[in-house]
Amino acid sequence: MRYCLLCLGLLLSPLAAFAQSDNWQQIKNDARGQTVWFNAWGGDNAVNQYLDWVSAEMKTHYAINLKIVRLADAADAVKRIQTEAASGRKAGGSVDLLWVNGENFRTLKDAGLLQTQWAQILPNWRYVDTQQPVTEDFAIPTEGAESPWGGAQLTFIANRDITEPPPRSAQALLEFARAHPGTVTYPRPPDFTGTAFLEQLLITLTAKPQALKNAPDTATFAEVTAPLWQYLDALHPVLWREGKDFPPTPARMDALLNSGTLRISLTFNPAHAQQKIARGELPKNSYSFGFSQGMLGNVHFVTLPANARASAGAKIVANFLLSPEAQLRKADPSVWGDPSVLDPQKLPVEQREALLARIPKGLPAVLPEPHAAWVNALEQEWLRRYGTH
């Protein structure tokens, strides 16, 4: 009986593959001529230029008109999707594809506002590195509602001419800030890099790290987070502008580092310093570093709203973003330097070697993100404590 089932499986598997490829061809046919509205964070010139290249490729090879809506915050698009759903707009939504992760994904998924079970049927999924957290997002199962397209890790940047050796722990950072008052800061939450800095400190400092794997519990929140607030209370008086004002973005921190005002900047891209040096936007001797015990990291995704107008076109774009060509270009520090989500061992030899050459060396261990619900909880408490300064 088992032999018969095996034979049947061998017979059916090519049929299933054929059906899937036939279905994908139909999606490609449906996508031709569609206009796809891709809502993406637009806070970095390298990102914007890369997405402009993607738009040109979609037009040339797939007859898709890809329109990039550059966002200051993905939450703006989330609110728009929620508003459309509340008004009964079940089709023809204004967002076809959204760059998203973490709390924004959880918000949309919990409300049933996303298409599911599509990501793993993309043909280029076969190249994905499934050892990375590509099927969960801030501890939330994706259930095929998101396709990965890049990695990220919180990374400090310093100028070797004035900061060597760098602080390699939270305590060392506090001591460094005290020794060099006014030269350290972080982006104001809810900027996502600023919030990530809070999460990094919380993971490092809390006595109850296991609590971060689940949504915050109001009964234990104060106890779990107390070391974080004690640390910030000590840090803020020696920060830039005495912790009474914070840069709005990491880009502003880069500018302050470049001018010599700050000694340390902060990014969510390990190749960011290399890219900015090449563009003349950071000092030539800038370098990246992290805490010895590891730095917060995650995967970022694209998702399709349930009411997307151009679902077929959006899937073609998501699949292209996973292509070896697109991933290699994105990982090039002279283009963007965004870490790849592909497994080099699944690629042809030439592409494998090219991708391996673009993986930054000497990165600290990746610390997983806390449960997505911690983002809003930390931001609200931070604003309550420090937001009125």
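What classes of residue make up the lining of the second largest pocket? Nonpolar, polar and charged residues all contribute: 13 are nonpolar, six are polar and two are charged. The model is predicted.

## The second largest pocket

This pocket holds about 410 Å³ of space. Its lining counts 21 residues. Gln132, Gly151, Pro339, Ser340 and Ile359 lie nearest the centre. Two elements each give two or more residues to the lining: strand 6 (146-153) and strand 10 (295-303).

## A three-stranded open sheet

Strands 7, 8 and 9 form an open sheet in the order 8-7-9. The pairing is antiparallel. Strand 8 (264-267) and strand 9 (286-289) stand at the edges. Each has a single partner strand, so one side of each is left without a neighbour in the sheet. On average, neighbouring strands here are turned by 30 degrees against each other, direction ignored.

In general, strands of a sheet pair through backbone hydrogen bonds, in either a parallel or an antiparallel way.

## Strand 7, strand 8 and helix 8

Strand 7 covers residues 155-159. Four bridges join strand 7 to strand 8, and the two run antiparallel. Within this pairing, phenylalanine 156 stands opposite leucine 266 of strand 8.

A helix also meets these two strands. Helix 8 spans residues 250-258 and lies across strand 7 and strand 8. Its direction makes an angle of about 155 degrees with strand 8.

Conventions:
Residues are numbered from 1 along each chain as its sequence is written. This is a predicted model: local features need pLDDT of at least 70, side-chain atom pairs count only at pLDDT 80 or more; totals for chains, interfaces and linings use all residues. Side-chain values use heavy atoms; hydrogens and water are left out. On a 1 Å grid over the protein atoms alone, a cavity is a set of points where a 1.4 Å probe fits but cannot get out, and a pocket is an open set with protein on both sides within 12 Å along at least five of seven lines; lining residues have an atom within 4 Å of a point. Grid points are joined across faces, edges and corners, and a volume is the space filled by probe spheres set on the points. Ala, Val, Leu, Ile, Met, Phe, Trp, Tyr, Cys and Pro count as nonpolar, Asp, Glu, Lys and Arg as charged, and the others, Gly among them, as polar. Two strands pair if DSSP finds at least two bridges between them. Axes are lines fitted to C-alpha atoms, for helices over the stretch in contact, and angles run from 0 to 180 degrees between N-to-C directions. Contact means heavy atoms within 4.5 Å.
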